[in-house]
There are 2 protein chains.
Amino acid sequence: MSDRPKLETVARAAGVSISTASQVIRGTGRISEKTRKKVLLAAKRLRYVPDNRAASMRSGQNLEIGFVIHHIANPFNAEVIAGVSDLLEDEGYLVSVLDAHDDPERQGRHIEAFIRNGRAGLLWVPAVDTPQDTFELLKAHGIPAVTFLRRTDKQEFDHVGIRNAEATAAATRYLAELGHRRIAYLGGTAMAAVRRDRIAGYTRVMSDLELAEPVIWNSPDNKLAGMNAMLDLIQANPRTTAVVCNGDTVALGACLALIRSGLQPGRDISVVGFDDIQDAAVATPPLTTMAVSPYQLGRQLAQVLLDRIRHPEMPVTVSEIAAQLVVRDTTGAPRVHSGGAAPPAPGGGP
Amino acid sequence: MSDRPKLETVARAAGVSISTASQVIRGTGRISEKTRKKVLLAAKRLRYVPDNRAASMRSGQNLEIGFVIHHIANPFNAEVIAGVSDLLEDEGYLVSVLDAHDDPERQGRHIEAFIRNGRAGLLWVPAVDTPQDTFELLKAHGIPAVTFLRRTDKQEFDHVGIRNAEATAAATRYLAELGHRRIAYLGGTAMAAVRRDRIAGYTRVMSDLELAEPVIWNSPDNKLAGMNAMLDLIQANPRTTAVVCNGDTVALGACLALIRSGLQPGRDISVVGFDDIQDAAVATPPLTTMAVSPYQLGRQLAQVLLDRIRHPEMPVTVSEIAAQLVVRDTTGAPRVHSGGAAPPAPGGGP
DNA sequence: TCGTTTTGATATATCGTTATATCATCTGTC
DNA sequence: GACAGATGATATAACGATATATCAAAACGA
């Protein structure tokens, strides 16, 4: 009742040898139609499910893929997972997701478990402060692996990500064209590579166009934290007229902060998000943001891994997808100030 | 460079037998300190990682748990996953998550893959219209499995869920006490067991307290759909003064619909959500909802599975957690109507 | 009719571990 | 110094599948 049937059980029930049963199940070799039917029937009756541990060990083939991600709850990531799974499942693979909570130690355990189970390939978003050891482990075992979003300095692995610097540069330039000069950057934590790149794009434009001194503010990646960070930011920098955010969640939090302070996003202070999550379009007011399609990103990621698995000797590839500015209601020209020493309202001089 | 080291490699490097190496790695048997050191050193140098396929096959022990969930993107589910992982990882297990997208066929593939790999236990939210076959497969293989959220009629598996009927009954009663009579139910799709139970609680109170005829409206579980459904609902039932929702996401969409229609949630129409997701507290206005702690729910779920794994003969358990009413700003007494049959235009007379 | 090929089924070795049995060597006791 | 028991290492047989080699019987051509 609770014992798992094995190939031998099926073979005996069908009155054939184990080898024959195996060939029928896998559809290889030369088997007569009659015995094929017999074996398949027995297998079905016994609810036989092959043991992939034995099979993959012997054959050296495994169709399981692991996806170690830093934060499963993020809706953007969830869409990525959907894209990854859809493409890989069509190719016969199966994707299991492990949440590392951006903890290098937990990530290490997950990757080790991945190797332990001899999976076919790994997708991962390297946790902040991933030890060199983790990379070397993957390298030493010759695991087909693709890093996602967070690019590592010494690029030994395939990578799929977003053109971060380019995107925030575009966002900042767009705000500058609207007339903003005091533009701040809000969101992200610690020294995540993604944030570093995004800030680089922001500061480059700030200095290229000779705008104000960059103002950079941290915040964990959730709405509540974003709201609080924004409150701090406008208190510390009251002359700020626009904010480029590290992500939509933080941007939505920032808008919330404005509304609670009696300000109107897009009129009093402009806010640009990043990602274009579902809530962005439906928020009040709808959020201007740098859009990337997480689903497409996921498919791309999966495709690169497939290529790597199928052509192990292929040179390392890096593909970065561009984000596109989607203008909604949280951006607009800065308000003309009623005078004083305050930031020179563009267009409105004395 | 790319070949995986095996126990034999380690043993040879350390100048001992495979058996000895195995014992050192697992810390069993009688081994002298000297050879122990030798073997551990060699293992570290070679970056040896045991092959769990071989090990678990031989030993019959596996520390891998699968969690097949209907929708990974749902923030509520993400918190559940965190609770599950935290508890199980503390016990030495490893949880991998598979997203079935509420598709019975995909779910079937995932569960079969689970069995194929001889994992230790399964947690799952049965997809709507899960075929009987899937249950029987699990049963036949004697897999320790716990269903989550969606309880099945013929209860053969342990279950962890929410007291759904009780919760919506409480929500409805609360609205009735505020003075509402025309209370509608909004959200959920098809014949999901969860929704069925929740609607049962709602209709029971509606008839017990002799309120208006129940009005029940479908909606997919996202903000945009919730908004549109709410617009339809109030158009079709203009005298509705309060809405009990199937989930917070839909409830937030409903609030959005009200605001866009020039109505104020909590004053013109009351809205109660379900789940208490993070956004609920921080929305404008903050959402009244039936709160359950997804993290705690996850821990409970994990604990039940552990018990099942450790005591296979234990009778089947069903544990349902109560939801608690959290009153925020989207509920209030119904407006006193100025009379007349038509829906009084709030604020604006002729 | 005989030898050759094709067909259909099977025996056997192997994947990388672990569990059990086995076997020397060392220790201590009287 | 002979013998029991402890100690430390090893040999060997599984686990459940697959790949390769093998083999008998059937089909074929000349």
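**Figure 1. The buried side of helix 8 in chain A.** In this predicted model, helix 8 of chain A has a good share of its residues tucked away: Asn164(A), Ala167(A), Thr168(A), Ala169(A), Ala170(A), Ala171(A), Thr172(A), Tyr174(A) and Leu175(A) are buried. The helix covers residues 164-178, and its end C-alpha atoms sit 21 Å apart. That agrees with expectation, because 15 residues at 1.5 Å a residue should span 21 Å. Right after the helix comes Gly179(A), with a positive phi of about 115°.

**Figure 2. Where the protein meets DNA strand C.** Here we zoom in on the 26 residues that surround DNA strand C. Ser17(A), Thr20(A) and Arg58(A) are among the closest, and chain B joins in with Leu7(B) and Ala54(B). From chain A, helix 2 (18-26), helix 3 (33-46) and helix 4 (52-59) each give at least two residues to this surface. From chain B, helix 2 (18-26) and helix 4 (52-59) do likewise. As for chemistry, the surface has 10 nonpolar, nine polar and seven charged residues.

**Figure 3. The surface around DNA strand D.** DNA strand D also has 26 residues around it. The ones that come nearest are Lys6(A), Leu7(A) and Ala54(A) from chain A, plus Thr20(B) and Arg58(B) from chain B. Look for helix 2 and helix 4 of chain A, along with helix 2, helix 3 (33-46) and helix 4 of chain B: each supplies at least two residues of this surface. Sorted by class, the residues here come out as 10 nonpolar, nine polar and seven charged.

**Figure 4. Chain A against chain B.** In this view, 44 residues of chain A are in contact with 44 residues of chain B. Plenty of elements on the chain A side chip in with at least two residues each, including helix 4, helix 5 (75-90), strand 2 (94-99) and helix 6 (104-116). Further along the chain, helix 7 (132-140), helix 10 (223-236), helix 11 (248-260) and helix 12 (278-282) of chain A do so too. By class, the side of chain A that touches chain B is made up of 22 nonpolar, 12 polar and 10 charged residues.

**Figure 5. Helix 6 and helix 7 of chain B, packed together.** Helix 6 (residues 104-116) and helix 7 (residues 132-140) of chain B have their axes 10 Å apart and pack at an angle of about 10°. So helix 6 of chain B runs roughly parallel to helix 7 of chain B. Gln107(B), Gly108(B) and Ile111(B) come from helix 6, and they meet Thr134(B), Leu137(B) and Leu138(B) of helix 7. The contact has three nonpolar and three polar residues, with no charged ones.

**Figure 6. Two cis prolines.** Most peptide bonds are trans, but here are two to check by eye. In chain A, the bond from Thr284(A) to Pro285(A) is cis, with omega near -10°. Pro285(A) sits in the loop between helix 12 and strand 10 (288-291) of chain A. In chain B, the bond from Thr284(B) to Pro285(B) is cis as well, with omega near -5°. Pro285(B) is found in the loop between helix 12 (278-282) and strand 10 (288-291) of chain B.

**Figure 7. Two aspartates with positive phi.** Most residues other than glycine have a negative phi. Asp276(A) goes the other way, with phi near 65°. Its place is the loop between strand 9 (270-275) and helix 12 of chain A. Asp276(A) counts as buried, because 22 other C-beta atoms lie within 10 Å. Over in chain B, Asp129(B) has a positive phi near 65°, and this residue lies in the loop between strand 3 (121-124) and helix 7. Asp129(B) has 13 C-beta neighbours inside 10 Å, so this one is partly exposed.

**Figure 8. Ala229(A) and its surroundings.** Ala229(A) belongs to helix 10 of chain A. With 21 other C-beta atoms within 10 Å, this alanine is buried. Leaving out neighbours within four places in sequence, Ala229(A) is in contact with Leu186(A), Trp217(A), Asn218(A) and Ser219(A). Ala73(A) is 156 residues away along the chain, and its C-alpha atom is 21 Å from that of Ala229(A).

**Figure 9. Arg196(A) in helix 9.** Arg196(A) is part of helix 9 (residues 193-208) of chain A. It counts as partly exposed, because it has 14 C-beta neighbours inside 10 Å. The C-alpha atoms of Arg196(A) and Val244(A) are separated by 14 Å, with the two residues 48 apart along the chain.

Terms used: Residues are numbered from 1 along each chain as its sequence is written. Chains are lettered from A and ligands numbered from 1 in the order in which they are written. This is a predicted model: local features need pLDDT of at least 70, side-chain atom pairs count only at pLDDT 80 or more; totals for chains, interfaces and linings use all residues. A residue is near a molecule or strand if its C-beta atom, placed from the backbone, lies within 6 Å of it. Helices (H or I, at least four residues) and strands (E, at least two) are DSSP runs, numbered from the N terminus. Ala, Val, Leu, Ile, Met, Phe, Trp, Tyr, Cys and Pro count as nonpolar, Asp, Glu, Lys and Arg as charged, and the others, Gly among them, as polar. The expected span of a helix is 1.5 Å times one less than its number of residues. A residue is buried if 20 or more other C-beta atoms lie within 10 Å of its own, exposed if 12 or fewer, and partly exposed in between; C-beta atoms are placed from the backbone. Axes are lines fitted to C-alpha atoms, for helices over the stretch in contact, and angles run from 0 to 180 degrees between N-to-C directions. Angles under 35 degrees count as roughly parallel, over 145 as roughly antiparallel, 65 to 115 as roughly perpendicular and the rest as oblique. Two residues are in contact if their C-beta atoms, placed from the backbone, lie within 7 Å.
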